[in-house]
Structure formats: structure tokens, C-alpha cells
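Reader: I am in my first year and would like a close look at one part of this model, the sheet, together with whatever surrounds it. Please take it slowly and explain each term as it comes up.

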Amino acid sequence: VSCHFSLASLEDPQPYEALSYVWGDNGSQKKIFIDGIPFAITPTLHAALENLRLEYDERILWIDALCINQANEHERTNQVSCMGRIYRQAVVVVV
């Protein structure tokens, strides 16, 4: 699975989908590539990305585990307070 990041604003968002899923076990991680850099994710997120990818088109997804720097407590706290708005503004929330 290969992805790339793009910068977005809730003040003027482009259409996106938000993914809501169960994180699952962090013990056995899978690898994806984000902007060419390897990134470890849970098997449940990996399975979701494989199932959601489109064969011939890009898809804009907001995924908390990828869009929030989980190692930065300040960012995590700030982003969690925005999650209601993030999900409300999504074109669709994929569960």
C-alpha cells in the first residue's frame, strides 16, 4: 500500500472521507509507504486500506493513526478535540 500526505484545512476543506475503525493489536504491524517512506500500521488499518483503495483513482482519506502524530501528546490532544468536526465535515465516514 502506498499513500501520500497533503495539507488540508478544516476552514476550507476539499472533499474527503474519514475512516472510523478499531485500531486492533499493535504487536504485529504491517508496512505501508507514505511519500516513499516506510510506516508501520496495525493489521486492521492495513486491511481497511487494501479494501478501500480504488484501482484507477486516488481517494482522499482522513485516518487518525496517520493524520495525527501519535508520538506528540500536544498534537494528539489538539487533534482529538477537532475529531467531531473532522467526522462531521467528511463527505462520508467509512466504518
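Author: What follows starts with the sheet and then moves outward to its surroundings.

The model is predicted, so local features are described only where pLDDT is at least 70 and side-chain atom pairs count only at pLDDT 80 or more, while totals for chains, interfaces and linings use all residues. Residues are numbered from 1 along each chain as its sequence is written, and side-chain values use heavy atoms, with hydrogens and water left out.

Helices (DSSP runs of H or I, at least four residues) and strands (runs of E, at least two) are numbered from the N terminus. Three strands make up an open sheet in the order E1-E3-E4, and their pairing is mixed; two strands pair if DSSP finds at least two bridges between them. Because E1 and strand E4 (37–41) stand at the edges with a single partner strand each, one side of each has no neighbour in the sheet. In general, strands of a sheet pair through backbone hydrogen bonds, either parallel or antiparallel.

E1 pairs with E3 in the parallel sense, over two bridges. Here Ser2 stands opposite Phe33 in E3, and Cys3 has Ile34 of E3 as its bridge partner. E3 and E4, by contrast, run antiparallel and are joined by five bridges, and Ile32 has Phe39 in E4 as its bridge partner. The hairpin of E3 and E4 has two residues between the strands, and Asp35 in this hairpin takes a positive phi near 50°.

Helix H1 (residues 43–52) packs on this sheet, touching E3 and E4, and its direction makes about 55° with that of E3. Contact means heavy atoms within 4.5 Å, and for the angle, axes are lines fitted to C-alpha atoms, for helices over the stretch in contact, with angles running from 0 to 180 degrees between N-to-C directions. His46, which is placed in H1, touches Val1, Lys30, Lys31, Ile32 and Ile41 when residues up to four places away in sequence are not counted. His46 counts as buried because its relative accessibility is 11%; buried means under 20% relative accessible area, exposed over 50%, and partly exposed in between, using a 1.4 Å probe and protein chains only. Ala47, also in H1, counts as partly exposed at 33%.

H1 also takes part in the largest nonpolar core, to which it gives the most, with four residues. Such a core is a set of buried Ala, Val, Leu, Ile, Met, Phe, Trp, Tyr and Cys residues joined through side-chain atoms within 4.5 Å. Among the 13 residues of this core, Leu19, Leu45, Ile63 and Leu66 touch the most other members, and the elements giving two or more residues to it are strand E3 (30–34), H1 and helix H2 (64–67). Apart from its neighbours within four places in sequence, Leu45 is in contact with Leu19, Tyr21, Ile63, Ala65 and Leu66. A second, separate core has seven residues, including Ala18, Ile68, Met83 and Ile86.

Returning to Cys3, a further point concerns disulfides, where a disulfide is a pair of cysteine sulfur atoms within 2.5 Å. The whole structure contains zero of them, and for Cys3 the nearest cysteine sulfur, that of Cys67, is 9.8 Å away. The sulfur of Cys82 is also too far for a bond, because the closest cysteine sulfur, in Cys67, lies 12 Å away.

Finally, there are two salt bridges, each being a side-chain nitrogen of Lys or Arg within 4 Å of a carboxyl oxygen of Asp or Glu. One joins Arg85 to Glu11, with the closest N and O atoms 3.1 Å apart, and links helix H3 (residues 73–89) with the loop between strand E1 (2–3) and strand E2 (17–19), across 74 residues. In the other, the side chains of Glu17 and Arg59 meet at 2.9 Å, N to O; Glu17 lies in strand E2 and Arg59 in the loop between H1 and strand E5 (61–62), 42 residues apart. Glu17 is buried, at 15%, whereas Arg59 counts as partly exposed at 29%.
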